[in-house]
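Visitor: I would like a close look at a single part of this structure. Please pick one piece and tell me what lies around it.

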Amino acid sequence: MKQILSFILLGTLLLGISSCKDTKQSDNIIISKPEKEVVPTDTVEMPTITPEATTVTWQTGDYTIAIRRYADTSLPIVQDESGRKYYDNKIDLKISRADGSVFMDKTFQKTDFNSFLDDNTKKNGALLGLPFVEVEGNNLVFSASVGSPNEMSDEFIPMKVKISRMGDIHIELDNDLDTTNQNAAPNPQTNEDDGV
């Protein structure tokens with residue numbers, strides 16, 4: 001019996017010693033590889049926007065202003081910050097007198113604003129909008145913007161478009177907004193003879 005107890009005690013002692021032995025820890029840490037953001041390869045068409053026509057009193061009569069923004073597949077493709085491709089836009093501006101005669105019917109595109117755009121915006125920016133703002137003396141004032149085609153972005157260059165009673169178009173940077181792109185080209189000297 002003493003011998004059996006000795007063997008059991010010896011076995012327990014050996015088992016205890018072997019369990020205290022340090023096990024080597026692996027230096028390998030296994031994590032899953034983050035998935036790379038997939039940029040869609042199809043070219044996106046920004047939605048067509050046709051706000052309700054606005055009637056304003058200007059000079060001695062009422063004028064109706066109709067604006068329509070739409071993607072034009074014939075223009076060069078532009079890209080947002082992530083590399084997604086978009087079609088650039090054109091904007092139709094039609095100003096009609098109360099009798100139905102047309103005062104102005106003009107289509108704007110990004111190149112009309114090139115003298116106010118930095119190189120990156122010229123290449124990758126899109127014509128975003130041209131909403132009517134106000135009547136200012138002898139001018140109808142619109143707020144143009146060219147910038148990132150991504151709707152979630154706030155990168156754009158704001159400009160004012162003034163249309164005189166003679167139909168002359170004058171464009172200038174809109175310094176009243178604090179969202180101006182810091183990389184925008186400096187405001188070139190403009191005059192009333194500059195056409196769009």
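Guide: What follows is a tour of one strand, its partners and some places beyond it.

First, the ground rules. This is a predicted model, in which local features need pLDDT of at least 70, side-chain atom pairs count only at pLDDT 80 or more, and totals for chains, interfaces and linings use all residues. Residues are numbered from 1 along each chain as its sequence is written, and side-chain values use heavy atoms, with hydrogens and water left out.

Now the whole chain. It holds two helices and eleven strands. Helices (H or I, at least four residues) and strands (E, at least two) are DSSP runs, numbered from the N terminus. Along the sequence, the pattern reads α-β-β-β-β-β-β-α-β-β-β-β-β. The chain has 196 residues, and 33% of them are buried. Buried means under 20% relative accessible area, exposed means over 50%, and partly exposed is in between (1.4 Å probe, protein chains only). Take the contacts in the chain between residues at least 6 apart in sequence: 50% of them join residues at least 24 apart. Contact means heavy atoms within 4.5 Å.

Our chosen part is strand 9, residues 139–147. Eight of its nine residues are buried, so the rest of the structure largely encloses strand 9. Which strands pair with it? Two strands pair if DSSP finds at least two bridges between them. Strand 7 (residues 126–129) pairs with strand 9 in the antiparallel sense, over three bridges. Here Gly 129 stands opposite Ser 145 of strand 9. Strand 8 (residues 132–136) is also an antiparallel partner of strand 9, with four bridges. Glu 134 has Val 141 in strand 9 as its bridge partner. Strand 10 (residues 156–164) pairs with strand 9 too, again in the antiparallel sense, over nine bridges. Along this pairing, Val 146 faces Ile 157 in strand 10, and Ser 145 stands opposite Pro 158 in strand 10.

Stay with strand 10 for a moment. It is mostly covered, with eight of its nine residues buried. Strand 10 also pairs with strand 11 (residues 169–173), in the antiparallel sense, over five bridges. Ile 163 has Ile 169 in strand 11 as its bridge partner. These two strands form a hairpin with four residues between them, and Gly 167 in the turn has a positive phi of about 90°.

Back to the start of strand 9. Strand 8 and strand 9 form a hairpin with two residues between the strands, where Gly 137 takes a positive phi near 65°. Gly 137 sits in the loop between strand 8 and strand 9. Is Gly 137 buried or exposed? It is exposed, with a relative accessible area of 59%. From Gly 137 to Arg 165 is 28 residues in sequence, but 9.6 Å in space, C-alpha to C-alpha. With neighbours within four places in sequence left aside, Gly 137 is in contact with Trp 58 and Gln 59.

Follow that second contact. Gln 59 lies in the loop between strand 1 (54–58) and strand 2. Its relative accessibility is 39%, so Gln 59 counts as partly exposed. Gln 59 is not a glycine, yet it has a positive phi of about 55°. Most residues other than glycine have a negative phi, and most peptide bonds are trans.

Strand 2 leads to another spot. It spans residues 61–71, and Asp 72 is in the loop between strand 2 and strand 3 (78–79). Asp 72 counts as buried, because its relative accessibility is 12%. What does Asp 72 touch, leaving aside its neighbours within four places in sequence? It is in contact with Tyr 87, Asp 88, Asn 89 and Lys 90. The side chains of Asp 72 and Lys 90 are joined by a polar contact of 2.9 Å. A polar contact is a pair of N or O atoms within 3.5 Å; within protein, one must be able to donate a hydrogen and the other to accept it, and residues adjacent in sequence count only if both atoms are side-chain atoms.

To sum up the chosen part: strand 9 has eight of nine residues buried, and it pairs with strand 7, strand 8 and strand 10.
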